[in-house]
Structure formats: C-alpha cells, structure tokens
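Please look over the sequence and the model below before reading on, first for the overall fold and then for the way its interior is packed.

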Amino acid sequence: MLTISDKFDKNIFSQISEIWELTGVGNPERGDNFSNIKKTLSHGGKIYSLLVDEMLVGTCWITHDYRRSYIHHMAVHPQFQNKGYGKALLNEALNYCQELGLQAKLEVHQDNPLAQHLYKSFGFKILDGYQAYIKREIKPK
C-alpha cells in the first residue's frame, strides 16, 4: 500500500538521510540536517515521505521564499525507482505548491537523465541563460 506522509521526526529524518545518501542528493555540507529542515517546516515548508507497506522509500522536501517554492532532494530508493513513486511524490509536491499559489522551481544534476525526464514530463523547463552558483561558507569581507 502506498502512503505519502508529512510527519517528520528524528527517526524519519534518519530514514530520509539513508535514501539521500543512496541516491546522492543529500550532503551535510549543504545544511541537510534535522534542525535546518525543522526550521524550514516552521516557515511553511514540507517534507514528504513516501511509504510502501510502511517502509519509507522516497522523499521530497519543499521550501519557499513567499515568491517561489523550491523542490529539494526528491529521491526514491534505487530498488523502488521506475515504478511511479517519483510521479506520486512530485504530484504531492506540486499540489502543495499550488495550495501556496507559488511557482515551483527545482534543480537537477546534468548526469541524472531519469529525473530530467520525470520533471520534463510534468512541464518543467530549463531556465535558459542561467547558471547555478552557491557559496557554502558565509564569511563577511
């Protein structure tokens, strides 16, 4: 049986972290930790867990800046990929973005054609002319 839940606690975070590690989407250097996620949830974010027969097999984290929503770390355990679970998670995420009335934005690695195919099938388009930049350490000049 397929269930999508937005319940979040340390036990669920542990299971989500395992999926992120298996799929390569999580990274503690990015601030992917329990307290940061909890903080985003208190500001209207969501984290969804996809369960198959009570086993957590997928996840999707959504944050927003009151202008756009951002879909982060959408991942399905490799043994459960290509079974429609990613579509179910993305539908749930997009429904939440619609409830908020916000555009949905995400990033996908260039070496992940399966995810690219999924996102394109939902109408996502490449943001032409843009490159992603990040500064992981914040130090004033």
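The paragraphs that follow go from the chain as a whole to its nonpolar interior.

The model shown is a predicted one. The protein chain contains four helices and five strands, and these succeed one another along the sequence in the pattern β-α-α-β-β-β-α-β-α. Its radius of gyration is 15 Å, close to the 14 Å that the globule rule gives for 141 residues, so the protein chain is as compact as a globular protein of that length. The C-alpha trace spans about 50 × 35 × 30 Å along its principal axes. Among contacts with a separation of 6 or more, 60% join residues that lie 24 or more positions apart.

Turning to the interior, buried residues account for 35% of the 141 residues in the protein chain. The largest nonpolar core has 22 residues, and within it Ile62, Ile71, Met74 and Tyr119 touch the most other members. Two or more residues of this core come from each of strand S2 (46-52), strand S3 (55-64), strand S4 (68-76), helix H3 (85-100) and helix H4 (113-121), with H3 giving the largest share, seven residues. If the neighbours within four places in sequence are left aside, Met74 is in contact with Val25, Thr59, Cys60, Gly86, Leu89, Leu90, Leu118 and Tyr119. Apart from this core lies another, of 14 residues, which includes Ile12, Phe13, Ile16 and Ile47.

At the surface, the protein chain exposes about 9600 Å², of which carbon and sulfur atoms supply 50%. As for charge, the mean positions of the 17 positive and 15 negative charges are 7 Å apart.

How values were computed. Residues are numbered from 1 along each chain as its sequence is written. This is a predicted model: local features need pLDDT of at least 70, side-chain atom pairs count only at pLDDT 80 or more; totals for chains, interfaces and linings use all residues. Side-chain values use heavy atoms; hydrogens and water are left out. A nonpolar core is a set of buried Ala, Val, Leu, Ile, Met, Phe, Trp, Tyr and Cys residues joined through side-chain atoms within 4.5 Å. Buried means under 20% relative accessible area, exposed over 50%, partly exposed in between (1.4 Å probe, protein chains only). Contact means heavy atoms within 4.5 Å. The radius of gyration is taken over C-alpha atoms; the globule rule is 2.2 Å times the number of residues to the power 0.38. Accessible areas come from the Shrake-Rupley method with a 1.4 Å probe; for residues, only the protein chains shown count as cover. Lys and Arg count as positive and Asp and Glu as negative; His and the chain ends are not counted. The place of a charge is taken as NZ of Lys, CZ of Arg, CG of Asp or CD of Glu.
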